[in-house]
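Trainee: I am new to this structure and would like a close look at one part of it. Please take the salt bridges, and then place them among the sheets and helices around them.

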Amino acid sequence: MRHVIVIGGGILGLATARDLVRRGHQVTVLEKEAGWAAHQTGHNSNVVHAGLYYAPGSFKARMSVAGNRSIVEFAREHGVPVDVCGKLVVATSESELPALQVLAERAEANGVPAKLISQAEARDYEPEVACVSALRVESTGIIDFPAVCAALVRLLTAAGADLRLSTPALGIRPGRPGGVEVATGTEVLRAGALVNCAGLHSDRIARMAGLTPQARIVPFRGEYYELKPERAHLVRGLIYPVPDASLPFLGVHLTRMLDGSVHAGPNAVLALRREGYRWRDISAADLLDTARYPGAWRLARKYAYPIGLDEVRRSLSKRRFAASLAKLVPAVGPDDIVRSGAGVRAQALLPNGSMVQDFVIETAPNQVHVLNAPSPAATCALEIGKHVADQVG
C-alpha cells in the first residue's frame with residue numbers, strides 16, 4: 001500500500017480519497033480553500049444526471065448510468081437529502097421533434113429509463129409547460145452535493161485520512177528515490193503517488209507536475225435566477241429544453257430544488273477569472289492565460305456571434321433571461337424571477353478550438369490527473385473515484 005496525495009477537496013477529490021482509503025492506502029488531501037466543495041461542487045444545480053445526452057460507450061455515458069445509482073445509494077445510506085423526481089425534456093415546436101427522437105434513441109442505447117410522451121401526458125407532470133411532445137426521464141434526481149462531501153469527509157476522518165484545508169500545492173517534483181514531493185508553502189510532503197483533482201486548476205497542477213496536457217481549462221460562468229416563492233408552483237420538477245446539437249451547452253432549464261425553490265438557468269458566458277462568479281471578478285493573469293491560448297480564439301470565432309453575444313445579453317438582461325424560460329413555461333415573466341448564485345464550469349479546450357466532450361484522465365509515473373470533468377462529474381463522482389484509484393493501483 002502507498003501514501004497518496006490528492007490535490008483538490010471537491011467531490012471528485014474526496015470520492016477518490018475514500019476509494020483509496022478503502023483499498024488500504026494512506027491518503028492526504030490538500031485543499032487550497034478554507035472549506036470543502038468550495039467551487040464547482042458547491043456551485044452547481046445539484047442535479048443527479050441520468051446519462052441521457054452522452055455518446056454511447058463514452059466515459060460520461062457509462063459513468064453517469066452507474067453513478068446515478070451509486071450516488072443515490074450513498075446518499076440514502078448516509079442521510080444525505082436526495083429526491084429521484086424524474087425530468088421532462090420538452091420539444092416546444094415541431095422542428096425539435098427529430099432531435100427529441102434522437103435523444104430518446106440515445107437514452108435507450110445508454111440504458112437510461114426514458115419514454116416519449118404526448119403533450120397531454122407532459123402536462124400531467126407539469127401543468128404549465130409548453131410543448132408538442134416530451135421525453136420523460138425517470139432516473140434524474142436532485143441531491144445536496146455539498147452534503148455528500150460532508151459525509152465523505154466524515155468517513156475519511158474516521159478512517160484516519162489526513163485532510164488539510166487552506167493548504168495549496170505550490171510545487172511538485174519527482175521524489176527521491178521515487179514517488180512525488182509536493183511543496184505547500186509550509187512544508188514538503190512526500191508520497192508514493194499523486195492524484196490531481198484540482199478542477200478549475202487541473203491543467204496548471206498537471207504542468208506543475210511535469211506534464212504537458214493537450215487541452216487547456218477555459219472557465220465558463222453559468223448564472224442562475226430563481227422563481228419568486230409565490231411563483232414556484234409553476235414548476236413541479238425539472239424541465240429541460242431539447243439541446244441544440246450545434247451548441248456546446250444544454251440551454252437554460254428549470255429545476256425544483258430540495259427546499260422547494262425553483263432555480264432557472266444556467267446561461268454560459270466566459271468567466272473573467274477561473275473562479276469568477278461575477279462580472280467584477282477579474283484576474284489579469286487568468287485573462288492573459290486565456291488570451292494567449294489559440295484554442296480560445298478559435299472557439300470565439302465559431303461561437304462569439306451571434307451565440308456568445310446572445311449569452312452576454314441574457315446575462316445582463318433579466319427580460320431576455322425570462323424570455324428564454326417562457327419558451328418552456330409561458331407563465332414565467334421578468335417580474336417572477338430574482339437573481340440567484342452562479343457557478344464556473346472548468347471546460348477543457350483543445351488548441352483547434354473544440355471543447356473536449358468526454359472526461360479526460362491522464363497518467364504519468366506515480367501520477368493520475370483528472371483533466372476534464374465538468375458536468376455530469378458530480379453525479380459520476382464515486383465511479384470516477386473508483387477508476388482513478390484503479391489507476392493508482
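Mentor:

**Salt bridges and their surroundings**

Glu181 and Arg190 form a salt bridge in which the closest N and O atoms are 3.3 Å apart. The model is a predicted one. The two partners sit in unlike settings: Glu181 has 4% relative accessibility and so counts as buried, whereas Arg190, at 53%, counts as exposed.

A second pair is Asp286 with Arg204, whose side chains meet in a salt bridge at 2.8 Å, N to O. Asp286 belongs to helix H7 (residues 284–291) and Arg204 to helix H6 (residues 202–208), so this pair ties together parts that lie 82 residues apart in sequence. Asp286 is buried, because its relative accessibility is 11%. Arg204 has a relative accessible area of 24%, which means that Arg204 is partly exposed.

This pair also has a wider setting. Asp286 and Arg204 are members of a network of salt bridges that links them with Asp203, Arg207, Arg216, Arg274 and Asp289.

A third pair is Glu223 with Arg221, where the side chains meet in a salt bridge of 3.1 Å, N to O. Here Glu223 has 8% relative accessibility and counts as buried. Arg221 is at 0% and counts as buried. Under the rule used for such pairs, the count comes to 21 salt bridges.

Next come the sheets. One open sheet has 6 strands, in the order E9-E2-E1-E13-E21-E20, with mixed pairing. Its edge strands are E9 (162–164) and E20 (360–364), each of which pairs on one side only. Direction ignored, neighbouring strands in this sheet are turned by 15° against each other on average. Within the sheet, strand E1 (residues 3–7) and strand E2 (residues 26–30) pair in the parallel sense through 5 bridges. His3 is placed opposite Gln26 in E2.

Helix H1 (residues 11–22) packs on this sheet and touches E1, E2, strand E13 (193–196) and strand E21 (367–372). The direction of H1 makes about 170° with that of E2.

One residue of H1 can be followed further. Leu12 is found in helix H1, and Leu12 counts as buried because its relative accessible area is 12%. Apart from neighbours within four places in sequence, Leu12 is in contact with Cys197, Val370, Ala373, Ala377, Ala381 and Ile384. Leu12 and Ala378 are 366 residues apart along the chain, yet their C-alpha atoms are separated by 7.1 Å.

Another open sheet is made of 3 strands in the order E3-E8-E4, with antiparallel pairing. Strands E3 (47–48) and E4 (82–83) stand at its edges with a single partner strand each, so one side of each has no neighbour in the sheet. E3 is joined to strand E8 (residues 141–143) by 2 bridges, and these strands run antiparallel. Val47 has Ile142 in E8 as its bridge partner.

Strands E15, E16 and E17 can be taken in turn. Strand E15 (residues 238–241) pairs with strand E16 (residues 253–256) in the antiparallel sense over 2 bridges, and Ile239 stands opposite Leu254 in E16. E16 is in turn joined to strand E17 (residues 262–265) by 4 bridges, again running antiparallel. Leu254 stands opposite Ala264 in E17. E16 and E17 form a hairpin with 5 residues between them, and Gly260 in the turn has a positive phi of about 95°. As background, in a regular strand the side chains alternate between the two faces of the sheet.

Last is a pair of helices. Helix H8 (residues 294–316) and helix H9 (residues 318–326) pack at an angle of about 110°, and their axes are 5 Å apart. H8 and H9 are therefore roughly perpendicular to each other. In this contact, Arg313, Arg314 and Leu316 of H8 meet Lys318, Arg320, Phe321 and Ser324 of H9. By type, the residues of the contact divide into 2 nonpolar, 1 polar and 4 charged.

To return to the part you asked about: Glu181 is buried and its partner Arg190 is exposed, Asp286 in H7 is joined to Arg204 in H6, and Glu223 and Arg221 are both buried.

Definitions and conventions. Residues are numbered from 1 along each chain as its sequence is written. This is a predicted model: local features need pLDDT of at least 70, side-chain atom pairs count only at pLDDT 80 or more; totals for chains, interfaces and linings use all residues. Side-chain values use heavy atoms; hydrogens and water are left out. Axes are lines fitted to C-alpha atoms, for helices over the stretch in contact, and angles run from 0 to 180 degrees between N-to-C directions. Angles under 35 degrees count as roughly parallel, over 145 as roughly antiparallel, 65 to 115 as roughly perpendicular and the rest as oblique. Contact means heavy atoms within 4.5 Å. Ala, Val, Leu, Ile, Met, Phe, Trp, Tyr, Cys and Pro count as nonpolar, Asp, Glu, Lys and Arg as charged, and the others, Gly among them, as polar. Two strands pair if DSSP finds at least two bridges between them. A salt bridge is a side-chain nitrogen of Lys or Arg within 4 Å of a carboxyl oxygen of Asp or Glu. Buried means under 20% relative accessible area, exposed over 50%, partly exposed in between (1.4 Å probe, protein chains only).
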